Protein chains: 2
Amino acid sequence: MTSTSTNSGRPKAAAEGAPRRRSRGSTALASERREHLVRLAADLFAEKGFQATTVRNIAEEAGILSGSLYHHFDSKESIVDEILAGFFEEIMTAYRGVLDEGGDPRATIAGLVRIAFGTLEPHRAAITVMQNDWSYLQSMPRFAYLAKSEDEVEKMWVDAIRAGQDADLFRADIDPKLTYRMIRDTIWVAVRWFKPGGRLDAQGLADHYLKVMFDGINTH
Amino acid sequence: MTSTSTNSGRPKAAAEGAPRRRSRGSTALASERREHLVRLAADLFAEKGFQATTVRNIAEEAGILSGSLYHHFDSKESIVDEILAGFFEEIMTAYRGVLDEGGDPRATIAGLVRIAFGTLEPHRAAITVMQNDWSYLQSMPRFAYLAKSEDEVEKMWVDAIRAGQDADLFRADIDPKLTYRMIRDTIWVAVRWFKPGGRLDAQGLADHYLKVMFDGINTH
DNA sequence: CCTGGTCGAACAAGCGATTGGGCGCACCCG
DNA sequence: CGGGTGCGCCCAATCGCTTGTTCGACCAGG
């Protein structure tokens, strides 16, 4: 129990894992005010990263004072935790859906790529934070689950690539792990310049990338 | 390491050996000590980024107090400036060398890719900083030259890609600018997991990437 | 009255930066 | 040879500011 202070027994019901179900009679809302604040924070994280965003930034964006934030969250970390956890939950579910479809490896990889690109817009903040503040988060036990989830994701991709090689769909002279990393990095890093509503939407990007990834940039 | 250091004299200074020859009154400003400090700072920047690294971190790594750093540098920014400027100078020179060789577009792109991967090891700090703190640096007039250099680099790549398309070496249905960005980002972002001395060195990475980029992962 | 939400003020810790002084060494002049 | 001087390098202390966080008071509305 090193964890964060946790002192001053605020009956906060803990920010612990279990998704909030309707608790007791009043208010189905897990506080829509709170949700709104998370969205505001996410926008700032997406712009500048987690460490570079101050609680006063967030509060100002919401039109309140920094201290008031602590009525809704018990720390700045718990805000980003909520964002990251939601992201991983969603993407892993989507990934598993593709795997369960059981198409050929080429279709599987294409599916994974499309999903990943699809998260670019709704999960800008989480992706930005993971890129900018990964090493910082890794130094905190609280976020150890991130590495675990990332490992699981890597396994999905690598297995699909290997399956493709075994089926002679993908060339045998590429390194599955290395190839996965390159695909992953190429997709996530796009969060830096991708702006929704631009010339190309996320799926357009995905199509463009799939072309290049499967067949290369050479003419044939 | 607060140790009751005997304040007087130079108890530490371990690493450094060779108090070297005398260099008359007017040194070229390239003090050895200073260079050493820049390297230490670079290592920290490479680990955590620029903003996340404090001057006290740097000083501690060098076994001195933070104030002492200001005998060598006039600000934390000037340290990173030195690192970034050196990086751009080197890579742009190398890029121009490839262009001047005047090979076909395919050879040119391959050359650029190899150079970029080659900087991964010696310029980890600069690349990390550019990824983590780009927007922060951009907000300071002092670092406006970064955007300028980046534009020039982009032009080199895009021109080479376009030339390849005109010569029917690269497929016409890829977007040159988009393709450049993906190549660039994929290479630089590798700085996050690339560790010198690992299974693959930088040139091995480059070769693998060129294979995939030119011909894709499909079998043919 | 209770409860959710906020203010306003403060806190300790840490930040980049500045200052003045002191040490020890290489050098020069006598 | 020896005392003086300049300089590279560092310490110690401190400045003004920002950080995340705490906490009592207050104010609405059901």
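## Salt bridges in the predicted model

At 14% relative accessibility, A:Arg171 falls in the buried class. Its carboxylate partner, A:Asp173, is partly exposed at 37%. The two side chains form a salt bridge with an N to O distance of 2.9 Å. Salt bridges with shared partners also join A:Glu77, A:Asp81 and A:Arg142 into one network.

The structure is a predicted model, and the count over all chains comes to 24 salt bridges. Three of the pairs, including the one above, are listed here.

| Pair | Closest N and O atoms |
|---|---|
| A:Asp81 and A:Arg142 | 2.9 Å |
| A:Lys155 and A:Asp159 | 3.1 Å |
| A:Arg171 and A:Asp173 | 2.9 Å |

In the pair A:Asp81 and A:Arg142, the closest N and O atoms are 2.9 Å apart. A:Asp81 belongs to helix H3 (residues 76-101) of chain A, while A:Arg142 sits in the loop between helix H6 (134-138) and helix H7 (144-166), so this salt bridge ties together parts that are 61 residues apart in sequence. A:Asp81 is buried, with a relative accessibility of 15%, whereas A:Arg142 is partly exposed at 29%.

The pair A:Lys155 and A:Asp159 lies within a single element: both residues are in helix H7 of chain A, 4 residues apart, or about one turn of the helix. Here the closest N and O atoms are 3.1 Å apart. A:Lys155 is exposed, because its relative accessibility of 53% is over the 50% cut-off. A:Asp159 has a relative accessible area of 37% and is partly exposed.

Key:
Residues numbered from 1 in each chain as written. Chains lettered and ligands numbered in written order. Predicted model: local features only at pLDDT ≥ 70, side-chain atom pairs only at ≥ 80, totals over all residues. Heavy atoms only, no water. Salt bridge = Lys/Arg side-chain N within 4 Å of Asp/Glu carboxyl O. Helix = DSSP H or I, 4+ residues; strand = E, 2+ residues; numbered from the N terminus. Buried < 20%, exposed > 50% of the residue type's maximum accessible area, 1.4 Å probe, protein only.
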